[in-house]
Amino acid sequence: MKYIEAGNYEEMSRIAADMIAEQISGKPDCVLGLATGSTPVGTYKELIRRYEAGKLDFSKVRSVNLDEYIGLDGTNDQSYRYFMDHNLFDHVNIDKKNTNVPNGKAADPVKEGARYDELVASLGGTDIQILGIGHDGHIGFNEPDDVFYAATHEVELDDMTIDANARFFESRDKVPTKAITMGMWAIMQAKKIILIASGPDKKEIVDKFMHGPVTPRVPASILQCHRDVTVIYSPNK
């Protein structure tokens, strides 16, 4: 596992964007695994800047996102499909038909999870997977548990996760309590993983998942078993 400490959030974002841009330039039809939340926004802005400068071409890129809230469709401004459109897809020349987000309105989340895993498998896994990390060590919406869940699955969100996401909603009681998330199988299929984190409040969990035991109580700790992980951390937000 490689560790890079950036001087600030902007540098962290640039380093992550450098790695993604290198992947796209080297393999124009690559598969990007994408994340939502506030942490990757700077990385996406940097990728957009490079596209607008004529340095990146997304026309053949394919993407799969980690997760989606259950009960929200892509027209809801709090959905992760909407987030990706607003923060990246609408600003580059990616074909929206090649972008994939779990269906939060699926009638049967179990079948949707199986469909999504089949999709990831059909793409050969992701070439590069971007991850953030929660204060409890979750990646995607894989919350601390007694086991690592392999399959894409429905999950009940922890109170800590709901509290952290409440800032994006009118009030805490508006935050969905369930999500569908890529499981550990699909995440670990990535050829390369980049985990980005910023702020002094993330330092403890970054140290814990990198150097502590591999345990489902700290979901990100499974990344210790992956062959190519880069952690980019900025102590400053």
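Two strands count as paired here if DSSP finds at least two bridges between them. Keep that in mind as we walk through this model, which is a predicted one.

Start with strand β9 and look at Leu195. On one side, Leu195 stands opposite Leu131; the strands involved, β6 and β9, run parallel and are joined by three bridges. Leu195 also has a bridge partner in β10, namely Val231. That second pairing, between β9 and strand β10 (residues 229-234), is parallel too and takes in six bridges.

How many of the residues of strand β9 are buried? Six of the six, across residues 193-198, so the strand is largely enclosed by the rest of the structure. As a rule, side chains in a regular strand alternate between the two faces of the sheet. In β9 both faces are covered: Ile193, Leu195 and Ala197 are buried on one side, and Ile194, Ile196 and Ser198 are buried on the other.

Now step back to the whole sheet that β9 belongs to. It's an open sheet of seven strands with parallel pairing, and the order reads β1-β10-β9-β6-β2-β3-β5. At the edges you'll find β1 (2-5) and β5 (99-100), each of which pairs on one side only. Moving along from β6, the next pairing is with strand β2 (residues 31-34), in the parallel sense and over two bridges. There, Leu32 stands opposite Ile128 in β6.

There's another sheet to look at. This one is open as well, with three strands in the order β4-β8-β7 and antiparallel pairing. Its edge strands are β4 and β7, each pairing on one side only, and the twist averages 25° from one strand to the next. Strand β4 is joined to strand β8 (residues 178-181) by three bridges, and the two run antiparallel. Within that pairing, Glu68 has Ile180 in β8 as its bridge partner.

Strand β4 also brings us to the aromatic residues. The model has five aromatic pairs. In one of them, Tyr69 and Tyr80 sit 4.9 Å centre to centre with 35° between their planes, which makes a tilted pair. This pair links distant parts of the chain, since Tyr69 belongs to strand β4 (residues 67-69) and Tyr80 to helix α3 (residues 80-87), 11 residues apart. Are these two tyrosines buried or exposed? Tyr69 is buried, because its relative accessible area is 1% and the cut-off for buried is under 20%. Tyr80 counts as buried too, at 10% relative accessibility.

Tyr69 has another ring partner, Phe141. Their ring centres are 5.7 Å apart and their planes lie at 40°, so this pair is tilted as well. Here the link again joins distant parts of the chain: Tyr69 is in strand β4, while Phe141 is in the loop between β6 (128-131) and β7 (153-156), 72 residues apart. Phe141 is buried, with a relative accessible area of 3%. Put together, Tyr69, Tyr80, Phe141 and Phe169 form one aromatic cluster.

Next, the open spaces. Rolling a probe the size of a water molecule over the atoms shows where empty space is left. The largest pocket holds about 590 Å³ of space. Of the 30 residues that line it, the closest to its centre are Gly37, Thr39, Ile133, Arg167 and Lys202. Which elements give two or more residues to that lining? They are β4 and α5 (159-165), with α5 giving the most, four residues. So strand β4, already met at the edge of the three-stranded sheet and as the home of Tyr69, turns up once more in this pocket's lining. By class, the lining has 12 nonpolar, 12 polar and six charged residues.

The second largest pocket has a volume of about 170 Å³. It is lined by 14 residues, and those nearest its centre are Asp77, Gln78, Tyr80, Phe83 and Phe168. You'll recognise Tyr80 from the aromatic cluster. Helix α3 supplies the largest share of this lining, five residues. By class, the second largest pocket is lined by seven nonpolar, six polar and one charged residues.

Methods
Residues are numbered from 1 along each chain as its sequence is written. This is a predicted model: local features need pLDDT of at least 70, side-chain atom pairs count only at pLDDT 80 or more; totals for chains, interfaces and linings use all residues. Side-chain values use heavy atoms; hydrogens and water are left out. Rings of Phe, Tyr and Trp (its six-membered ring) pair if their centres lie within 6.5 Å; planes under 30 degrees apart count as stacked, over 60 as edge-to-face and the rest as tilted. Buried means under 20% relative accessible area, exposed over 50%, partly exposed in between (1.4 Å probe, protein chains only). Axes are lines fitted to C-alpha atoms, for helices over the stretch in contact, and angles run from 0 to 180 degrees between N-to-C directions. On a 1 Å grid over the protein atoms alone, a cavity is a set of points where a 1.4 Å probe fits but cannot get out, and a pocket is an open set with protein on both sides within 12 Å along at least five of seven lines; lining residues have an atom within 4 Å of a point. Grid points are joined across faces, edges and corners, and a volume is the space filled by probe spheres set on the points. Ala, Val, Leu, Ile, Met, Phe, Trp, Tyr, Cys and Pro count as nonpolar, Asp, Glu, Lys and Arg as charged, and the others, Gly among them, as polar.
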